[in-house]
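The following account leads through one protein model, from a sheet and its neighbours to cavities and a single residue. Please keep the sequence and the coordinates at hand while reading.

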Amino acid sequence: MTLASYRRLVWRHLPIMIVGILAGYIVGLNKSVVRQTLSNRIFSRIPLQTAIDADISKYEPNGVKPVKAALVALVRNSDLFGLRSTIRQIEDRFNARHNYPYIFVNDVEFTEEFKRGVRDLTQAHVHFGTLDEESWKVPEWINRERYEHVKSTAQYPHGEKDSYRKMCRFQSGYLHRHPLLADLDFYWRIEPDVEYYCDMNYDPFVFMQQNGLKYGWNVAMPEFMATIPTLWNTTVQFVTEHPELLAPNSLWSWLLDEHGNYNGCHFWSNFEIVDLSFYRSPEYQTFFDYLDRAGGFFYERWGDAPVHSIAAALFLNASQVHYFDDIGYFHPSVLTCPQDARTKGTCVCDSNKSFVQDGMCTVRFLEVKQSIVNPNATKPVRSGPLDKRVAQNVQAQLNAFFAKLESRPQFLGEISVEQLDFGSVPPNLEILDFTSPFSEFYLATEDDASQANTVPASIDDYDGIDDTVDTASISERIPDRPLSQATVRSYFGPRMDMLMGSGTTTPIPRVWGSVPPLYQIPPHMASRVLPGEVVVERTEDDMQLMAKVEYHGDMMLVLKTELQLNYPASQFVSLPVTLHITNIQFSAVAVVAYLKDRVNFCFMEPDLPRTSLLDSFAIRTEIGDAGHHVLKNVEKLESFITEQLRKAIDDEFVFPSYHSFELD
């Protein structure tokens, strides 16, 4: 072969050789590099969000990460599938573009199945560790006899468990000291079985570092006070002994209600992003050691969430605590969804079902922080979408009550609620208990029955009463106390109405426990849903919250009606009447029950000698047109309105009456 022909052969095959070399090089690349490159191209087109404290558009997802951070969880081997679900969402929403490592710790060795099941979901490094004896034990200064008595008599969730108390103590004082976290600057705490609803197109670790933030959260609620009865007094004693540790611009007042009492507010620590220098600080460590020696983690059931929250409110400046309201998050029973989720287009949650943003603890945090960081701000932090929706619902209920009112005096026209404003003062809320829902909540209402399958008309002729049922035994189960005279939809069938009274709006006595069915449904009517039948299937996720609610605030109610003079002819003269109702004082035990596809709400009947949930309120009456001569404060009219308002509240909202909200 001549030199010229050799050169022609080389030039002919040179492109193929170059392509082959490049292909081999690409195949040899680490898969994570290819994945990162593709991810960068895809997500660089997604519009960036905005945050409260700064413009987060600076925190590009593809920039260099100057932060040593990790996603951390204390988990068990049995949490594998719940944790896999969490990791899958975090990877999709955030970490596939960043590859921050995961750190998992356990009080026993992780199984190979667990390690493999976790590593299969991420290209990031995953580290597994165990706890030492010191961090996972009942300390020697705990009186074991007293502790065992506490466990055997505790009336709150997990009250009997050693492991739960050890977990709370570990999360409070030892997780940040685990050797696997020694080189970290930040950690993001994650949990099994939670959901993340929104794409995160910025790096929260970088965001916190560059803005000097120490603690980040996105759910705030009152604590279950039965678990921490002495935590606040112990904290006050600590502050008295160590006043020099308080931050100069702290969030201390966030923890107090308008009367200066501890309100129980805390950040849910199942989601927290923290600069670990905070937990490693002398202030925090001194505080934890003080609480640990007090024994409340075991003699009561102090949780890591209130401990972290109180510490953040004491030792950090308000400007160092950040509310991540742009992260959609669900922890079983609680959803938080960005209010502008539908416009951003990066979230898959319904902001109309999210109530945490407008809860007392969240709103109070924003108000207190604004008063410290930006005291000259004129825009209020309370947007109130939930308040408005709830107010409209309550207003509609009151209007429905007044519309069907039969005892209205002849001189009074129709009554309507023109305005309902919840004001700015939140109620005091104390969680009393978590229980199984009342049996009555599983019974069909007339609305359920009307939506059921059509049944032959002959059902009205069917005598379905079970004559073997001893109705006297049912009456014996009714407590010896005044019967509730609530006018409600009948939750029992027309046959029950015959036993208890007539009509479909029947005073129903309080019945505790299960009641034998009064119907024997024939087979051809098995699909028929009758009022009083069980239509909501019990599930293991059903739960009921009972809480003491006390209110004395600036809520305002405006009613309008007409004062009519019916002589010498009907409505011969009519004068407009406006009633302003303020200074409302209210106390009750509220019941909120979650049942599979619905939430039921009511109040319990007040204990004697109280006869109404509505303790007192002030009425200012104006008769006549505004701007002209007005007759004010008519005592007889005010007495009537007072009586009817109390009746409306007690009839419509006191158990066994309740309001049910279906979940989509």
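An open sheet of 7 strands, with mixed pairing, follows the order 3-2-1-4-9-6-10. Strands (E, at least two residues) and helices (H or I, at least four residues) are DSSP runs numbered from the N terminus, and two strands pair if DSSP finds at least two bridges between them. Strand 3 (126-130) and strand 10 (321-323) stand at the edges; each has a single partner strand, so one side of each is left without a neighbour in the sheet. From one strand to the next, the twist averages 20 degrees. Such angles run from 0 to 180 degrees between N-to-C directions, with axes fitted as lines to C-alpha atoms, for helices over the stretch in contact.

At one edge, strand 2 (residues 102-106) pairs with strand 3 in the parallel sense over 5 bridges. V105 has G129 in strand 3 as its bridge partner. Helix 4 (residues 112-119) packs on the sheet and touches strand 2 and strand 3, its direction making about 150 degrees with that of strand 3. Contact here means heavy atoms within 4.5 Å.

The model is predicted: local features need pLDDT of at least 70 and side-chain atom pairs count only at pLDDT 80 or more, while totals for chains, interfaces and linings use all residues. Residues are numbered from 1 along each chain as its sequence is written, and side-chain values use heavy atoms, with hydrogens and water left out.

Across the protein chain there are 19 helices and 23 strands. Of its 664 residues, 48% count as buried, that is, under 20% relative accessible area with a 1.4 Å probe, protein chains only. Among contacts in the chain with a separation of 6 or more, 79% join residues 24 or more positions apart. The chain exposes about 33,400 Å², of which carbon and sulfur atoms supply 54%; these areas come from the Shrake-Rupley method with a 1.4 Å probe.

E622 lies in strand 21 (residues 614-623). Its relative accessible area is 18%, so E622 is buried. L579 is 43 residues away from E622 in sequence, yet their C-alpha atoms are 6.4 Å apart in space.

Conventions:
Buried means under 20% relative accessible area, exposed over 50%, partly exposed in between (1.4 Å probe, protein chains only).
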